Amino acid sequence: MLNRIQSNFWKGKKVFVTGHTGFKGSWLCVFLKILGAKVTGYALKPKTKPSLFKLAKIDEILEKSIYADIRNYKRLIREIEKSKANIIFHLAAQPLVRYSYIEPKETFETNIMGTLNILESVRKIKKIKSTVIITTDKVYSTAKNKIFKETDILGGSDPYSSSKVSCEHLFSSYMHSFFKNKSNQKLATVRAGNVIGGGDYSKDRLIPDILLSAKKVKKIILRNPNAIRPWQHVLEPLNGYLVLAEKLYKNDKKIRNIKQNWNFGPNVSNCKSVKYIAKFFANQLKLKIKVVKTKDKIFTPETSFLRLGNFKSKKFLKWHPKWSLEKSLNKILDWHYLIKTRNPRDICESQIKEFIKET
């Protein structure tokens, strides 16, 4: 059966999530709670105002919510040991490309040292059986009109991408040195596309900026309208992470002897231009679009073409994308409208349960 998460597996499992106060981390915590897992979160306090974490009162569904820096190794390993977790999802990161130009040192320290601290913690705590480290689709060396697969050359020119490539190299080194095939500890890195969904309030992201424009009744400003991105609803990669974590935990023979780097990207039909997304929301929200040339001297625009191949995940994990781009965009609009009258966590739970039921 495709894409089927085993709720029986997750019931009662102790899970440690870093970056739980972020957009993806908040959705993952709700997802895990629905599956019956006992979740401990470790992250800085939410940086956006508002934040999904605060709006949905995510801390209320956790065993423990720890506000601490991922760079603090002693605190991190102590909290992982206290949680008695067997599964780790590492999402904590500095995730914004533009911010990485402004604060490159912070970006490199957070992303590289944070990942190193997780790897070292797992090496020391033998009871951790399954670890999923989230990197990014931007770890691949730029190539024109290419659909990237996991074996392609890695490379990144901006500080954010470069820091994530470094995380991949760290992972590879630890896998080769400490977690060989005979180890009962299984780890993987995962690379998702441009993740979208309700409750994202991050800066310098297209859809949050569009929704903010709608709130202020302003035009949608586009600086790179023809850039093509692999858009996918946040539940798509999270579903993949959960499927993979379970298979790692069980030491599934189908994935036992292959490299543990995985793309969770959308189908080609979801790879659309920035202008396509803007037009959808402009029509729905009655807004106008304005294209302007970037005057930002700090930020170098990202590559104009980015697609992730998902053949490996489909073949070995039986994972596949469920929601079309149009459905994903409509789910964001639903969230945007429903939040005015409903509890944000209830909206998340409703969409997750709908997503789980679909095959």
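**Exercise 1. Work out how β4 and β5 are joined: how many bridges are there, and in which sense do the strands run?**

Step 1. Start with the pair itself: β4 and β5 run parallel, joined by 4 bridges. Strands here are DSSP runs of E with at least two residues, helices are runs of H or I with at least four, and both are numbered from the N terminus. Two strands pair if DSSP finds at least two bridges between them.

Step 2. Pick out one bridge: His90 is partnered by Ile133 in β5.

Step 3. Know what you're looking at. This is a predicted model, where local features need pLDDT of at least 70 and side-chain atom pairs count only at pLDDT 80 or more, while totals for chains, interfaces and linings use all residues. Residues are numbered from 1 along each chain as its sequence is written, and side-chain values use heavy atoms, with hydrogens and water left out.

Step 4. Now turn to the other neighbour: β1 and β4 run parallel too, with 4 bridges, and Phe16 has Ile88 in β4 as its bridge partner.

Step 5. Check the side chains of β4. Ile87 and Phe89 point one way, Ile88 and His90 the other, and all are buried (under 20% relative accessible area with a 1.4 Å probe, protein chains only; exposed is over 50%, partly exposed in between).

**Exercise 2. Place these strands in their sheet: what is the strand order, and which strands are at the edges?**

Step 1. Read off the order: β3-β2-β1-β4-β5-β7-β11, an open sheet of 7 strands with parallel pairing.

Step 2. Find the edges: β3 (64–67) and β11 (261–264) each pair on one side only.

Step 3. Add the twist, which averages 20° from one strand to the next. Angles run from 0 to 180 degrees between N-to-C directions, and axes are lines fitted to C-alpha atoms, for helices over the stretch in contact.

Step 4. Zoom in on β1 (residues 14–18) and β2 (residues 38–43), which pair in the parallel sense over 5 bridges. Lys14 has Lys38 of β2 as its bridge partner.

Step 5. Lay the helices on. Helix α2 lies across β1, β2, β4, β5 and β7, running at about 170° to β1. Helix α7 (residues 159–177) touches β5, β7 and β11, where contact means heavy atoms within 4.5 Å. The direction of α7 makes about 160° with that of β7.

**Exercise 3. Describe how α2 packs on α9: what are the angle and the axis distance?**

Step 1. Two packed helices are described by the angle between their axes and the distance between the axes.

Step 2. For α2 (residues 23–35) and α9, the angle is about 55° and the axes are 10 Å apart.

Step 3. The two helices are therefore oblique to each other. The cut-offs are: under 35 degrees roughly parallel, over 145 roughly antiparallel, 65 to 115 roughly perpendicular, and the rest oblique.

Step 4. List some of the contact: among the residues are Trp27 and Phe31 of α2 and Leu238 and Tyr241 of α9.

**Exercise 4. Sort out the smaller sheet: which strands form it, and in what order?**

Step 1. The order is β8-β10-β12, 3 strands in an open sheet with mixed pairing.

Step 2. At the edges stand β8 (194–196) and β12 (271–273), each with a single partner strand, so one side of each has no neighbour in the sheet.

Step 3. Look at β10 (residues 228–233): 3 bridges join β10 to β12, and the two run antiparallel. Arg229 stands opposite Lys272 in β12.
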